[in-house]
Amino acid sequence: MIDIYICEDNQKQLNLFKKYISNTILIEEMDMKIALATSDPHALLEKILTAENTGLFFLDIDLKSDMDGLALAQRIRQIQPRCFIIFITSHSEMSFLTFQYKVEALDFIIKDTQEHIKSKIHECLLDVEHKYTSLNNKINRAFVIRQNDRCITIDYNDIICFETSGNIHKVLLHAKKRVIEFSGQLKEVEKQLDYRFYRCHRSYIVNRDNITEVDFTAMTVSMNNGETIPVSVRLKKGLKKMMEKQK
């Protein structure tokens, strides 16, 4: 699923863009939805801080606000490194600034005729759908940690395990090159993970792709970074079944 965000200060144009996008999603049967259409860049930033899906952003440059579209795009890119950003603007002369701001814009739609805008939005949505599908087929999934204004992305391949921290309501993510503590509970983390992760103990979730050995006598799992993780009696059977399927 891709969440679409529109930030445009002109209400008439905002409604027009919403209409074009909604119609294209319906006609092309896309796995997308408009998550927010607003004239307030701050409202958009607040919204995406808790977003779970990849974002596609249609941004005007002149927003009649203390933050223009380019500055907004910079902040968006920090929060969602893998998002898609498209500018819709009357200021064609400002297209070069997208490189200066390093926002990696996918496209730059000039506010010309309504037909031109409609056609370009349709084209961009198809392009994003293709890129998103291709990207998901090629890259490893990732676990995202949001801490205040920071967004940390860890590829599943790099995750050794998750462990309940000694600090209350905290979880430790053991990656191949670092350990990150973040707010949360193991049961909530477990819901976000895919088939390669298994809760082998009340306090641990392991990545089976990084297991080197399971000792069901000693009730331990050895990971490829040298860590040894305990296995509980209750969860032993499920782990054994998972490892047998992997052979």
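## Two domains

Let's start with the overall layout: the domain assignment splits the protein chain into domain 1 (1-137) and domain 2 (142-242). Keep in mind that this is a predicted model. Taken over C-alpha atoms, the centres of domain 1 and domain 2 lie 35 Å apart. Their contact draws on 8 residues from domain 1 and 7 residues from domain 2.

## Where the domains meet

The size of an interface is often expressed as the accessible area lost when the parts come together. Here, about 570 Å² is buried between domain 1 and domain 2, with carbon and sulfur atoms giving 38% of that area. On the domain 1 side, the residues that lose the most area to domain 2 are Leu-49, Ile-79 and Arg-82, which together account for 57% of what that side buries.

The count of salt bridges between the two domains is 1. Have a look, too, at Arg-82 and Asp-155: these residues form a salt bridge whose closest N and O atoms are 3.3 Å apart.

## A helix pair in domain 1

Now for helix H2 (residues 41-48) and helix H3 (residues 69-79), which pack at an angle of about 5° with their axes 11 Å apart. Because angles under 35 degrees count as roughly parallel, H2 is roughly parallel to H3.

From H2, the contact is made by Pro-41, Leu-44, Leu-45 and Ile-48, while H3 brings Leu-72, Arg-75, Ile-76 and Ile-79. By class, the residues of this contact comprise 7 nonpolar, no polar and 1 charged. Ile-79 is worth a second glance: this residue takes part in the contact of H3 with H2 and is also listed among those of domain 1 that lose the most area to domain 2.

Conventions:
Residues are numbered from 1 along each chain as its sequence is written. This is a predicted model: local features need pLDDT of at least 70, side-chain atom pairs count only at pLDDT 80 or more; totals for chains, interfaces and linings use all residues. Side-chain values use heavy atoms; hydrogens and water are left out. Axes are lines fitted to C-alpha atoms, for helices over the stretch in contact, and angles run from 0 to 180 degrees between N-to-C directions. Helices (H or I, at least four residues) and strands (E, at least two) are DSSP runs, numbered from the N terminus. Angles under 35 degrees count as roughly parallel, over 145 as roughly antiparallel, 65 to 115 as roughly perpendicular and the rest as oblique. Contact means heavy atoms within 4.5 Å. Ala, Val, Leu, Ile, Met, Phe, Trp, Tyr, Cys and Pro count as nonpolar, Asp, Glu, Lys and Arg as charged, and the others, Gly among them, as polar. Domain bounds come from an automatic or database domain assignment. Buried area is the accessible area (1.4 Å probe) that two parts lose on being put together, summed over both. A salt bridge is a side-chain nitrogen of Lys or Arg within 4 Å of a carboxyl oxygen of Asp or Glu.
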